[in-house]
Amino acid sequence: SRSLPSTPSPQTPSCCGSTAVKEDSILVSTGNFRSKSGGMISVGSTKDLGANIYPPGKISDLRLGNMNFSQGVFELSFTSPGEDLDKGIISSYQIFFSTNRTMLAGDLGPDLSQISSEHLACDCNLAPVPAMEVVVLTLNMTMFGEEQQFYYTVLTTDQEGKEGKHSQSNIA
């Protein structure tokens, strides 16, 4: 059996850019090769590393959409990460917003505005959900300046809270 056609053509191309030696190819010896085992490596136990090694997974799908100007609402959505990458439930998430995109790219601090329950225009809340579940929040447009463009980012925190690890989303 063959994995490639013996004579590739537009109707029967070679798979994935692969090529094979044709029957009429002239083969030349490449010489002798030496081989030696690279040995074995083992990793011993570690100390004082703790159980909380990984941060929450990164949110890369933060989106704004479904803007309804007659009702004055829009949606913010993202897939929730886990406490450790994409496993478990994060302790919390904070959604920051600013008219200055650069302010959201660095350290997120108390000088930035944050989404709170007052911004919500839905029967929803800011409680964490299990990893890989989609969070959809309907926000009230009147809480933001009508003639201003805002940028948003999400900061997630694991179960160890302020002492734990954090992960920041993309900026939407």
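Colleague: Are Phe-144 and Phe-150 buried or exposed in this model?
Modeller: Both are buried. The cut-off for that label is under 20% relative accessible area. Keep in mind that this is a predicted model.

Colleague: What makes the ring pair of Phe-144 and Phe-150 edge-to-face?
Modeller: Take two steps. Ring centres must lie within 6.5 Å to count as a pair, and these are 5.5 Å apart. Planes over 60 degrees apart count as edge-to-face. The planes of Phe-144 and Phe-150 stand at 65°, so the pair earns that name.

Colleague: How many aromatic pairs turn up in the whole structure?
Modeller: The search finds eight.

Colleague: Which residues do ring pairs link into a cluster?
Modeller: Phe-144 and Phe-150 belong to it, together with Phe-74, Phe-97 and Tyr-152.

Colleague: Why is Asn-66 called exposed?
Modeller: Its relative accessibility is 57%. Exposed means over 50%, so Asn-66 qualifies.

Colleague: Where does Asn-66 lie, and what is its phi?
Modeller: Asn-66 lies in strand E1. Its phi is near 45°, which is positive in a residue other than glycine. Met-132 also has a positive phi, near 75°, and is likewise not a glycine. Met-132 sits in the loop between strand E4 (113-114) and E5.

Colleague: How do you know that E1 and E2 pair?
Modeller: Count the bridges. Pairing needs at least two, and E1 (residues 63-68) shares four with E2. The sense is antiparallel.

Colleague: Which residue of E2 stands opposite Asn-68?
Modeller: Val-73 does. The E1 and E2 hairpin has four residues between the strands, and Gly-72 takes a positive phi near 70° there.

Colleague: How many bridges join E2 and E5, and in what sense?
Modeller: Seven, in the antiparallel sense. The threshold is at least two bridges, so E2 and E5 count as paired. E5 spans residues 134-140. Leu-76 stands opposite Leu-137 in E5.

Colleague: What makes strand E2 mostly covered?
Modeller: Look at residues 73-79: six of the seven are buried. Each of those six falls under 20% relative accessible area, because that is what buried means.

Colleague: How do you know that Cys-122 and Cys-124 form a disulfide?
Modeller: The rule asks for cysteine sulfur atoms within 2.5 Å. These two are 1.6 Å apart, so the pair passes. The count by this rule is one disulfide.

Colleague: Are those two cysteines buried, exposed or partly exposed?
Modeller: Partly exposed is the label for both. Cys-122 has 30% relative accessibility, and Cys-124 has 25%. Buried means under 20% and exposed over 50%, so both values fall in between.

Colleague: What is the order of helix and strands along the chain?
Modeller: The pattern reads β-β-β-α-β-β-β-β. That gives one helix and seven strands.

Colleague: How much of the chain counts as buried, and what is its accessible surface?
Modeller: Of 172 residues, 30% count as buried. The accessible surface comes to about 12,400 Å². Carbon and sulfur atoms hold 50% of it.

Colleague: What share of the contacts join residues at least 24 apart in sequence?
Modeller: The share is 62%, taken among contacts between residues at least 6 apart. A contact here means heavy atoms within 4.5 Å.

Terms used: Residues are numbered from 1 along each chain as its sequence is written. This is a predicted model: local features need pLDDT of at least 70, side-chain atom pairs count only at pLDDT 80 or more; totals for chains, interfaces and linings use all residues. Side-chain values use heavy atoms; hydrogens and water are left out. Buried means under 20% relative accessible area, exposed over 50%, partly exposed in between (1.4 Å probe, protein chains only). Accessible areas come from the Shrake-Rupley method with a 1.4 Å probe; for residues, only the protein chains shown count as cover. Rings of Phe, Tyr and Trp (its six-membered ring) pair if their centres lie within 6.5 Å; planes under 30 degrees apart count as stacked, over 60 as edge-to-face and the rest as tilted.
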